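Here's a quick briefing for anyone opening this structure for the first time. Have a look at the model, then read on.

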Amino acid sequence: MHAQTFHELASLVADSPTSYHAAAAVLERLEAAGFERLREEDAWPVRQGAYAVVRDGAVIAWRIPARADARTPFGIAAAHTDSPGFRIKPEPDTARSGWRSVNAEVYGGPLLNSWLDRDLRIGARLVLEDGGSALVRTGPVARIPQLAVHLDRRVNAEGLKLDPQQHTRAVLGFEDGPGLLETLAEAGGIDPRGVLAFDAFLADAQPAARLGARGELVASGRLDNLVSIHAGLRALLDAQPEGVIPVLAGFDHEEVGSNTRTGAGGPFLEDVLTRIRAGLGADAADERRAAARSWTISSDVGHAVHPNYPERHDEDVRPIAGRGPIIKINADQRYATDAAGEALWRRLSAEAGAPAQAFVSKNTMPCGSTVGPITATRLGLRTVDVGIPILSMHSARELASLADVESLQHVLTAFYSRAQ
Ligand SMILES: [Zn+2]
């Protein structure tokens, strides 16, 4: 089981250097399984079937079971397609000291040090003069080189201090070599003169690896939050839906606050749900009645207890990697879970034979957040926040348990397959 999970997850990460690629990779896998791609500008079919729609770096997919009617509730699994890192600036090329470097903006909250001395690739959406666009990705071409210890004698004693503007340029070769745009155009087999604009990001080029003495761990870039996208995708394919309309929502821009047209704070999910409901012949009352019986499970990674920093967690609530997904709870509603949501997750976990554990922050540590409270506020749906516990969150390379990824997938499958 671990081998297949690892293979599928590693392949999703490899195909997804950016959120645009992630949405396209999910769509490609769904289409291969018989899902029909819909476009927002077209009329949509209303019959039983399996469908997906991509909006930039976001993707929503769903299945309409044979017996679905105007009041069949939704079962929504929500996650995000983006990860913290570096977004390449306009006028990206700097030539200095014999080197050609790429200038990039910090995107979200990456651990900057973790990006040093890695083989980096570049993923981009290119918008072309002819009105089309292209997703391209390079192989390993760049690196943010750390300063040698000989030139930074106190670094080990005093800690690494990085200026996010000065110290994060990625070397792309020698001064006389091709610039960023030429490199991207060449990777896509496109004439660089036909490229009008780009959305481009740096990404770790190293493939995911299986680690641990028993191969029980996965180390990879973008586990936050491609593990949840992977688990939701697998669940949507494996589920036997009857009493609910299963929906997978992969939002962009979670790492920068979600308030965009493709983020969880935007209208994308509501737009899609409204169209599905209208296709089933629902009036406004049907819609609200179905909403009152719907659930969202928002899945995003959380913090496992770290062996070197065990004091960073609450003394009594201690999520351990490998012991199942975590139920995220926060008094300030940074997570949307309440007792009803926790009970739903525990019931589904028991049904799927998966372990479950709780997470709550230590009172002296600020709590993160995710898409769950945002979609709950927008749509008014009952919501539970969960995820798998990982180490090194927001590092260029994070660490997770493969058993936890599988448990998440199995519980989401049970969620999609439940009676109501
Ligand atoms: Zn996340």
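**Buried residues and a metal site**

Both His80 and Asp300 are buried, meaning under 20% relative accessible area with a 1.4 Å probe and protein chains only. Keep in mind that this is a predicted model, where local features need pLDDT of at least 70, side-chain atom pairs count only at pLDDT 80 or more, and totals for chains, interfaces and linings use all residues. Residues are numbered from 1 along each chain as its sequence is written, and side-chain values use heavy atoms, with hydrogens and water left out.

**The zinc ion**

- Its protein donors (N, O and S atoms within 2.8 Å of the metal, or 3.2 Å for Na, K and Ca; water is not among the atoms, so sites may look incomplete) are His80 (NE2), Asp224 (OD), Asp300 (OD) and Asp300 (OD), lying 2.0 to 2.5 Å from the ion.
- His80 sits in strand E4 (residues 74–80) and Asp300 in the loop between strand E14 (295–299) and strand E15 (302–303), so to speak linking distant parts of the chain, 220 residues apart; strands are DSSP runs of at least two residues, numbered from the N terminus.
- Along the sequence, the donor residues follow the spacing H-x143-D-x75-D.

**The sheet**

- Six strands form an open sheet in the order E8-E7-E10-E5-E6-E9, with antiparallel pairing; two strands pair if DSSP finds at least two bridges between them.
- Strand E8 (133–137) and strand E9 (170–174) are at the edges with a single partner strand each, so one side of each has no neighbour in the sheet.
- Strand E5 (residues 85–96) pairs with strand E10 (residues 195–204) in the antiparallel sense over 2 bridges.
- Arg87 has Phe201 in E10 as its bridge partner.

Note on methods: Helix = DSSP H or I, 4+ residues; strand = E, 2+ residues; numbered from the N terminus. Buried < 20%, exposed > 50% of the residue type's maximum accessible area, 1.4 Å probe, protein only.
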